[in-house]
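Please open the model in a viewer and keep the selection panel at hand. The stops below are arranged as a tour, each with a selection to make.

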Amino acid sequence: MGRFRSVYDKLNQALDEMPYDELGISVEVKEQVELMHMQLKRAKRRTDTQDMELAMDLMVVFSTKKDDRNADSAIIERLANKLELHTLADLKEETAAVRKLFKRRRHNAESLQQIMDLLGKFKEVAGIDEALLLDSRVSKSLQRCPSSLIPHEFLCPITLEIMTDPVIVASGQTYERASIQKWLYSNRRTCPKTGQTLDHLSLAPNFALKNVIRQWCEQNHFELPVKDPVIHPPFGCSAEIIEEISSLVQDLYSSQLDVRKEAIVKIRMLSKENPENRILIASSGGIPPLVQLLSYPDSEIQEQTVTALLNLSIDEANKRLIAREGAIPAIIEVLRNGNGEARENSAAALFSLSMLDENKVLVGTLNGIPPLVELLGNGTIRGKKDAATALFNLSLNQANKSRVIKAGIIPPLLNLLEDKNLGMVDEALSILQLLASHPEGRSEIGRLSFIETLVGIIRNGTPKNKECATSVLLELGLNNSSFILAALQFGVYEHLVELARCGTNRAQRKANSLLQHMSKCEHIP
């Protein structure tokens with residue numbers, strides 16, 4: 001990818017300097033070249049946005065681990081796709097590489113453990129049950145059968161265990177019944193192996209394969225492992241939890257306030273514990289009464305309710321259900337007027353819901369951006385982080401960039417850059433880079449003493465800080481050379497040269513692009 005980007009930059013630079021008049025080419029050819037030039041610029045911006053999304057997603061996942069929240073499954077899936085770590089082979093290779101690093105670099109143990117935890121989440125998203133992969137019963141069975149290897153087609157693609165009850169899904173692939181049911185009951189509607197959407201969710205027994213597996217086991221004296229009982233709908237939950245959740249949903253409609261409060265608290269806890277509970281609460285009709293309770297004039301009920309909806313929104317299908325029930329205006333109201341924790345969790349809920357593009361638009365049009373900006377400026381550290389991630393996500397929508405700028409986001413972002421104790425420099429710079437691509441954003445930044453702050457970060461920041469600050473300066477400088485000249489007056493040149501030599505890969509790319517752009521400015525020697 002780095003090499004492709006380098007080619008894009010060189011082609012882009014060459015076309016910037018194309019002497020059309022001297023070449024005497026036709027208008028048609030000139031139009032074709034200019035079209036290609038425009039596409040190259042678009043491709044460059046698209047990769048930059050992906051870099052920023054990747055960095056922000058990682059920050060969100062690692063910060064949720066620290067404050068005891070569950071990471072949004074949509075973020076985990078987006079990260080797995082961006083990092084191309086969604087097949088068993090990819091994940092095994094990456095896990096082995098990280099373990100080697102762990103042995104060599106003991107002083108980075110905490111960071112490496114975070115990465116191992118993240119790889120574990122990727123395995124869950126891919127439908128790979130690591131516990132089953134390491135199941136001692138399978139190991140013992142294999143030890144008793146050393147002379148023969150289990151044929152690949154006998155293994156379930158999800159668990160890599162030999163199948164005892166193979167079934168065929170709509171895509172034609174075969175899986176162990178319990179493992180594919182677990183996959184489908186976690187609200188997935190795709191074939192784990194091919195990724196295609198399933199036309200229906202019926203499972204057909206694969207009697208032919210089951211007989212072949214049984215014959216092979218008899219011939220090779222292989223003892224089939226004893227499997228857990230088959231999971232039955234709904235969602236593999238026990239009858240007790242199904243009954244409990246159904247009762248709690250009924251209690252949400254109770255005329256007794258104490259009964260409602262207790263039901264909300266229990267639903268909040270159950271929705272935090274596992275994905276099956278989130279799906280079951282939604283399928284039992286729990287979302288509509290929770291949305292109604294957001295408007296109840298009791299700060300404790302609002303706090304518990306918005307947190308329960310935050311937990312439920314981790315499931316992607318629930319994001320749509322929650323928005324469809326009209327929750328977004330009510331969540332915005334809690335964000336404006338709720339107590340401290342309710343406001344923080346409202347911001348986190350808006351971030352989670354805005355993972356869907358249609359909800360980004362809804363939050364923007366329903367005036368949800370101003371209270372997020374206010375929380376960014378005046379909230380607790382956790383509140384500021386929740387607001388920053390929500391505003392970054394919302395600013396990926398072009399129309400929301402203008403709304404964010406008009407809501408006055410630039411001053412609080414600059415405060416985040418100056419207050420190093422908050423540890424939010426990267427988040428602030430990531431948002432600023434998005435806004436610097438918008439004319440209103442550049443105009444607003446230009447009225448503030450921002451360039452000197454950027455140069456200071458390029459000089460003294462962490463490697464990631466320097467990378468982000470250089471990216472922002474490049475975005476500004478490509479659109480207005482006066483920003484470049486101001487940066488030069490603050491002594492940025494020598495720091496860019498150093499960054500181009502030994503910064504991160506992305507920082508080197510940005511620094512080189514900035515140095516090339518500087519060389520074209522007529523006031524620079």
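Helices and strands here are DSSP runs, with at least four residues for a helix (H or I) and at least two for a strand (E), numbered from the N terminus. With those names in place, the tour can start; note that this is a predicted model.

**First stop: a loop after helix α8**

Select leucine 160, which sits in the loop that runs between α8 and β1 (166-168). Its phi is positive, at about 60°, although leucine 160 is not a glycine. Most residues other than glycine have a negative phi. How exposed is leucine 160? Its relative accessibility is 30%, so leucine 160 counts as partly exposed, since that class lies between the 20% and 50% limits.

**Second stop: the whole chain**

Zoom out and show the protein chain as a cartoon. Its secondary structure amounts to 30 helices and 3 strands. The chain has 525 residues, and 48% of them count as buried. Switch on a surface representation: the accessible surface is about 26000 Å², and carbon and sulfur atoms contribute 51% of that area. If contacts are drawn between residues at least 6 apart in sequence, 68% of them join residues at least 24 apart.

**Third stop: colour by confidence**

Colour the chain by pLDDT. The mean over the protein chain is 83, and 87% of the residues reach 70 or more. Where is confidence lowest, and where is it highest? The lowest mean, 40, belongs to helix α8 (residues 136-143), whereas helix α20 (residues 369-378) has the highest, at 96.

Two segments deserve a separate selection. Over residues 131-148, pLDDT stays under 50, and the model gives this segment 18 contacts beyond four places in sequence. Residues 229-233 also stay under 50, with 10 contacts beyond four places in sequence.

**Fourth stop: the loop between α10 and α11**

Select histidine 221 and phenylalanine 222 together. Histidine 221 is in the loop between α10 (207-219) and α11, and phenylalanine 222 lies in that loop as well. Histidine 221 has a positive phi of about 55° and is not a glycine. Are these two residues buried or exposed? Histidine 221 counts as exposed because its relative accessibility is 68%, while phenylalanine 222 is buried, with a relative accessible area of 7%.

Now add isoleucine 150 to the selection. Phenylalanine 222 and isoleucine 150 are 72 residues apart along the chain, and their C-alpha atoms are separated by 9.4 Å.

**Fifth stop: helix α11 and its two partners**

Two packed helices are described by the angle between their axes and the distance between the axes. Select helix α11 (residues 239-251) with helix α13 (residues 275-283): their axes come within 10 Å and cross at roughly 45°. The two helices are therefore oblique to each other, and the crossing of α11 past α13 is right-handed. To see the side chains involved, display Ile241, Ile242, Ile245 and Val249 in α11, which meet Asn277, Leu280 and Ile281 in α13.

Replace α13 with helix α12 (residues 257-273). The axes of α11 and α12 come within 8 Å and cross at roughly 140°. What is the orientation of α11 and α12 to each other? It is oblique, because the angle is not over the 145 degrees that would count as roughly antiparallel. Here α11 passes α12 in a left-handed crossing. On the α11 side the residues are Ile241, Glu244, Ile245, Leu248, Val249 and Asp251; they meet Val259, Arg260, Ala263, Lys266, Ile267 and Leu270 in α12.

**Sixth stop: isoleucine 267**

Stay in helix α12 and centre the view on isoleucine 267. This residue is buried, with a relative accessible area of 1%. Which residues does isoleucine 267 contact, leaving aside its neighbours within four places in sequence? They are Leu248, Val249, Leu252, Ile281, Leu290 and Ala308. For a distance label, pick isoleucine 245: the C-alpha atoms of isoleucine 267 and isoleucine 245 are 7.6 Å apart in space, with their positions 22 residues apart in sequence.

**Last stop: lysine 510**

Finally, select helix α30 (residues 505-520), where lysine 510 is located. Lysine 510 counts as buried, because its relative accessibility is 4%. Adding cysteine 468 gives a pair 42 residues apart along the chain, with a C-alpha separation of 9.2 Å from lysine 510.

Note on methods. Residues numbered from 1 in each chain as written. Predicted model: local features only at pLDDT ≥ 70, side-chain atom pairs only at ≥ 80, totals over all residues. Heavy atoms only, no water. Buried < 20%, exposed > 50% of the residue type's maximum accessible area, 1.4 Å probe, protein only. Contact = heavy atoms within 4.5 Å. Areas by Shrake-Rupley, 256 points an atom, 1.4 Å probe, with all protein chains shown as cover. pLDDT = per-residue confidence, 0-100. Axes fitted to C-alpha atoms, helices over the stretch in contact; angles between N-to-C directions. Parallel < 35°, antiparallel > 145°, perpendicular 65-115°, else oblique. Left-handed = near helix turned anticlockwise from the far one by under 90°.
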